[in-house]
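Colleague: I am new to this structure and would like a close look at a single part of it. Please take chain, core and surroundings in turn where they help.

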Amino acid sequence: MAESIQTQDRKLRTEEMVIQMGPQHPSTHGVLRLEVTVEGEIVTHVKPYIGYLHRCFEKHAEQMGNYSQVIPYVDRMDYVAAMSMEWSYVLGMERMLGIQVPERVEYIRVIMAELQRIASHTIAIGTFGLDLGAFTPFLFLLRDREMILEIFERTCGARLLYNYFWIGGLSHDVPLDFVDSTRQFCTQFKKTIVEVNNLLSYNEIFIKRTANVGILPANVAINYAASGPVLRGSGVDWDLRRDDHYSIYNRFDWQPQIGKGERGTLGDCWDRYIVRCREMEQSVKIIEQAIEQLPDGDVQSAIPKRIRPNASEIYIRTEAPRGELGFYIVSDGSGSPYRVKGRSSSFVNLSVLPEITRGYMIADLVAILGSIDIVLGEIDR
Amino acid sequence: MSPQEILNKLTEKFADAIVEAKVEGVLEPYAKVKVESIREISSLMRDDSDLQFDTLMCLSGMDYGKGILGVVYNLGSIAKKHKFTLKIEISVEAANVSSVESVWRTADWHEREAFDLFGIVFTDHPDLRRILLPDDWEGYPLRKDYQVQEFYHGMKVPY
Amino acid sequence: MGLLDKRFENSNIVITKMDDLLNWARLSSLWYMQFGLACCAIEMMATGASHYDLDRFGAMPRATPRQADVMLVTGTVSIKMAERIKRLYDQMAEPRYVISMGSCANCGGPYWEHGYHVLKGVDRVIPVDVYIPGCPPRPEALLEGLIKLQEKIRKSSLVELKSHKSPSKADQHMAG
């Protein structure tokens, strides 16, 4: 009797299977390859493979003739939030050169960066819903994103990759109808947020798929240097706009949003998602205040004729929509950079993935990957 | 804590490990330390109650030219809101550094990238292999003397 | 109601060329493979969304190459990815087409000079039918490219015997 039970056990033994997800896959948000080891449907180990979009940004930065030619390459790092990428690099260069930009430039930069934050989060939330099967919020959010892209196009001519922030100023001043169209957008967008909340955020199915899934404890997040909504979703109150004081954010009335574990455990996918939703509302608040206070001035008065910093180095970091974007710029006194290292938030946030996907199912893996919100352009540079 | 206070704290325990330090008149206060002591210094930076550098913001490989490579560690603290930089220098022939992955888990991927693009070998790293380039790529691209290979698996690489 | 209403007098018999019928059917429902690599993929997504709808041309996104007619290569092709693109192209069933969208897929784009890991044009590994310039191309440019592909299909012929084709640029660049 004991013998036959043992034989039965041996026949019912399970084996682990290794499945490749990607690099061409609708839900990997770009060319990411995940080597998933599963036992049945339960994931035991995930190994991300990146580098399928490595475009040699750092080599280009060294070989370009001057510092301002690096800005279009910086754009293409995180192509969904190009304005924020440019701001970080340009801010670092201005600190190295000791330039103080006019007030009007500061205000316009804040408005553009917050509009870009909303545009980036619409893609993040839209594709997150799309991965889980919700097609309608994607269409509604992209409709509003088109309004933002139209504002950008009227200002600097490009929809996606702008080359708008220049070292010491901006490439163009805003058009005459900028204030009106931005105000119109803010009014429309407040209605869209209500729509998205009704469709997705408090939807029973969505909550069942994202709450208690992919829990990232706060101390693990800090040790992994996670940043942005991934860190704030775990309850850590850290936002570089407030804590690193890099621009005029202290003049506006706004709050960084932190996850509280409302619908599940603290640090799950739903927390990270709702942090993004609420950040969009805060961005609208900042934009409305900034438009009221927009001063006059010349946006190109501080642009230097020659960009030649002394032999020095700087590590500058700003709050991009996906987290902390850092540039470590080393100058050797000549007109072209010696070394530019881009420290992107998605690169660091993605390294958390093997840690938080153990024990969940493959469908949950898709939800976790969507909640981290990666863009392969910044990961691979 | 100000950069000078951080440097003083470092000098208390590791005075002979500090090769060079500059905290005044620079945008990024730094301390250049000896290669052998990087892991102990990192543990001190993370665990000391006054320093509490709980995040490694960025780890970059460097090629200083003339056969000298380097690694730059940008440390940040969420608890105390201060920053500091550590630097080390190694020669191309003996490019071995002990990994700080056991101190900050984020160094895992950053060190793989420095290995991939500069050829710096991190000892005691759990999984040191190329991360951005294919596994059978020849050469380390971000070194200043890198030459692009003509063909890779039958595809022409240069324009 | 619609296009075909009251157009036929003799009991719905239409006489046309086989070529015209097959081409009309094929170009009106070009299913594209969702293959977004980089920035141009965001513009492809924007084109597929409601403002610049791709669905009205009959183009639906398919996740797998085995069900797709058209591969839209959107974005920079890195060398690591190029081998996978070749494999995906081989998995598509004929008749299959390739649209190269964006400057990077056409010729390497802004990364042509110092990009050691960038493939200077996806036509070094697969044959391309339509090139769309731009960095990134506007959604209208992508729609124009799709229409150009439709024109190409309209003029092509599945029924005639194919003559011997000259070696494509892809074969010329694959050494050894």
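Modeller: What follows is a walk through the nonpolar core, with the chains around it.

The model is predicted. The largest nonpolar core has 207 residues, and B:Tyr73 and B:Leu86 touch the most other members. Its largest share, 13 residues, comes from helix H5 of chain A, which covers residues 103-131. Leaving aside residues up to four places away in sequence, B:Leu86 touches B:Leu10, B:Ala31, B:Val33, B:Ile38, B:Ile41, B:Met45, B:Val71, B:Val72, B:Tyr73 and B:Leu75. B:Tyr73 is thus on the list of B:Leu86. There is also a second, separate core of 21 residues, which includes C:Cys40, C:Tyr52, C:Tyr97 and C:Met101.

Chain B, where B:Leu86 sits, has three helices and nine strands. Along the sequence these follow the pattern α-β-β-α-β-β-β-β-α-β-β-β. The C-alpha trace of chain B spans about 55 × 30 × 25 Å along its principal axes. Of its 159 residues, 58% count as buried. For contacts in chain B between residues at least 6 apart in sequence, 49% join residues at least 24 apart. The accessible surface of chain B is about 6500 Å², and 48% of it belongs to carbon and sulfur atoms. Chain B carries 19 positive and 27 negative charges, with mean positions 3 Å apart.

One loop position in chain B can be followed in detail. B:Gly119 lies in the loop between helix H3 (107-118) and strand E7 (121-123) of chain B. Its relative accessible area is 10%, below the 20% limit, so B:Gly119 counts as buried. Not counting residues up to four places away in sequence, B:Gly119 touches B:Ala95, B:Ala114, B:Tyr140 and B:Arg143. B:Arg130 is 11 residues from B:Gly119 along the chain, and their C-alpha atoms are separated by 9.6 Å.

Chain A, the source of helix H5, has 16 helices and eight strands. Its radius of gyration is 22 Å, close to the 21 Å that the globule rule gives for 381 residues, so chain A is as compact as a globular protein of that length. The C-alpha trace of chain A spans about 90 × 50 × 35 Å along its principal axes. Buried residues make up 65% of chain A. Among its contacts between residues at least 6 apart in sequence, 72% join residues at least 24 apart. Chain A exposes about 13100 Å², with 51% supplied by carbon and sulfur atoms.

Another helix of chain A shows burial residue by residue. Helix H15 (residues 362-372) is mostly covered, with nine of its 11 residues buried. Among them are A:Leu365, A:Val366, A:Ile368 and A:Leu369, and also A:Asp364 and A:Ser371. Just after H15, A:Asp373 takes a positive phi of about 65 degrees.

Chain C, which holds the named residues of the second core, has six helices and five strands. Their order along the sequence is α-β-α-β-β-α-β-α-β-α-α. Of the 176 residues of chain C, 47% count as buried. Among contacts in chain C between residues at least 6 apart in sequence, 80% join residues at least 24 apart. The accessible surface of chain C comes to about 9200 Å², and carbon and sulfur atoms account for 56% of it.

Terms used:
Residues numbered from 1 in each chain as written. Chains lettered and ligands numbered in written order. Predicted model: local features only at pLDDT ≥ 70, side-chain atom pairs only at ≥ 80, totals over all residues. Heavy atoms only, no water. Helix = DSSP H or I, 4+ residues; strand = E, 2+ residues; numbered from the N terminus. Rg over C-alpha atoms; globule rule 2.2 N^0.38 Å. Buried < 20%, exposed > 50% of the residue type's maximum accessible area, 1.4 Å probe, protein only. Contact = heavy atoms within 4.5 Å. Areas by Shrake-Rupley, 256 points an atom, 1.4 Å probe, with all protein chains shown as cover. Core = buried A, V, L, I, M, F, W, Y, C linked by side-chain atoms within 4.5 Å. Lys, Arg positive; Asp, Glu negative; His and termini not counted. Charge placed at Lys NZ, Arg CZ, Asp CG, Glu CD.
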